[in-house]
Amino acid sequence: MKRCCIILTVILFLAVGAGCSGNRTKDDAAISSSVIREEITEWPHNPYTDVIIQPESGTPDYALFQESKFYAVFLKDITREEGERYVEELIDNGYCRIAGVNETTASSTLLQKDGVYLNISVAEQELGIYIALEAE
């Protein structure tokens with residue numbers, strides 16, 4: 001159930017990021033089919049993850065990404081408290097909280113700083129970090 005909540009949060013953010021303007025095109029279906037899932041065992045280093053701090057807790061589990069669009073990394077073996085502490089650490093490093101939802105079993109926080117947009121989803125034993133970079 002928690003993983004479903006985190007994945008749904010990422011899907012919602014993808015939909016918002018893709019521009020849900022009501023003017024849907026035939027390419028919209030291609031967006032979801034071109035998302036790649038990759039199993040990972042260590043923190044990935046790429047243009048997306050290099051602009052954020054690495055969480056001190058948790059074990060990298062898998063990543064979802066779409067070339068030149070977004071990168072989402074998911075960690076397991078992390079408490080909700082450790083995940084919430086990571087959100088606060090990002091805020092301490094200059095990210096501004098744009099929006100957030102805090103439920104009994106999970107929370108989701110949208111952050112922004114210098115053209116970097118993050119959606120951090122926190123649940124017991126899981127942390128999802130969605131990273132989108134503003135087009136230059």
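Biologist: In this model, does glutamate 39 count as buried or exposed, and at what relative accessibility?

Modeller: The model is a predicted one, and in it glutamate 39 counts as exposed because its relative accessibility is 53%, where exposed means over 50%. Its side chain meets that of arginine 37 in a salt bridge of 3.0 Å, N to O, and arginine 37, at 46%, counts as partly exposed.

Biologist: How many salt bridges does a search of the whole structure find?

Modeller: The search finds 4 salt bridges, among them one between glutamate 81 and arginine 85, whose closest N and O atoms are 3.4 Å apart. Both of these residues lie in helix α3, 4 residues apart, which is about one turn of the helix. Another of them joins arginine 97 to glutamate 88, with 3.0 Å between the closest N and O atoms.

Biologist: Turning to the interior, which residues touch the most other members of the largest nonpolar core?

Modeller: Such a core is a set of buried residues joined through side-chain atoms, and here the largest has 22 residues, of which Ile52, Leu118, Ile120, Leu127 and Ile129 touch the most other members. Strand β6 gives the most to this core, with 4 residues. Leaving aside neighbours within four places in sequence, isoleucine 52 is in contact with Trp43, Tyr86, Tyr95, Leu118, Ile129 and Ile131.

Biologist: And serine 108, is this residue buried or exposed?

Modeller: Serine 108, which lies in strand β5, is buried, because its relative accessible area is 15%, and buried means under 20%. Its side chain is joined to that of asparagine 119 by a polar contact of 2.8 Å.

Technical notes: Residues are numbered from 1 along each chain as its sequence is written. This is a predicted model: local features need pLDDT of at least 70, side-chain atom pairs count only at pLDDT 80 or more; totals for chains, interfaces and linings use all residues. Side-chain values use heavy atoms; hydrogens and water are left out. A nonpolar core is a set of buried Ala, Val, Leu, Ile, Met, Phe, Trp, Tyr and Cys residues joined through side-chain atoms within 4.5 Å. Buried means under 20% relative accessible area, exposed over 50%, partly exposed in between (1.4 Å probe, protein chains only). Helices (H or I, at least four residues) and strands (E, at least two) are DSSP runs, numbered from the N terminus. Contact means heavy atoms within 4.5 Å. A polar contact is a pair of N or O atoms within 3.5 Å; within protein, one must be able to donate a hydrogen and the other to accept it, and residues adjacent in sequence count only if both atoms are side-chain atoms.
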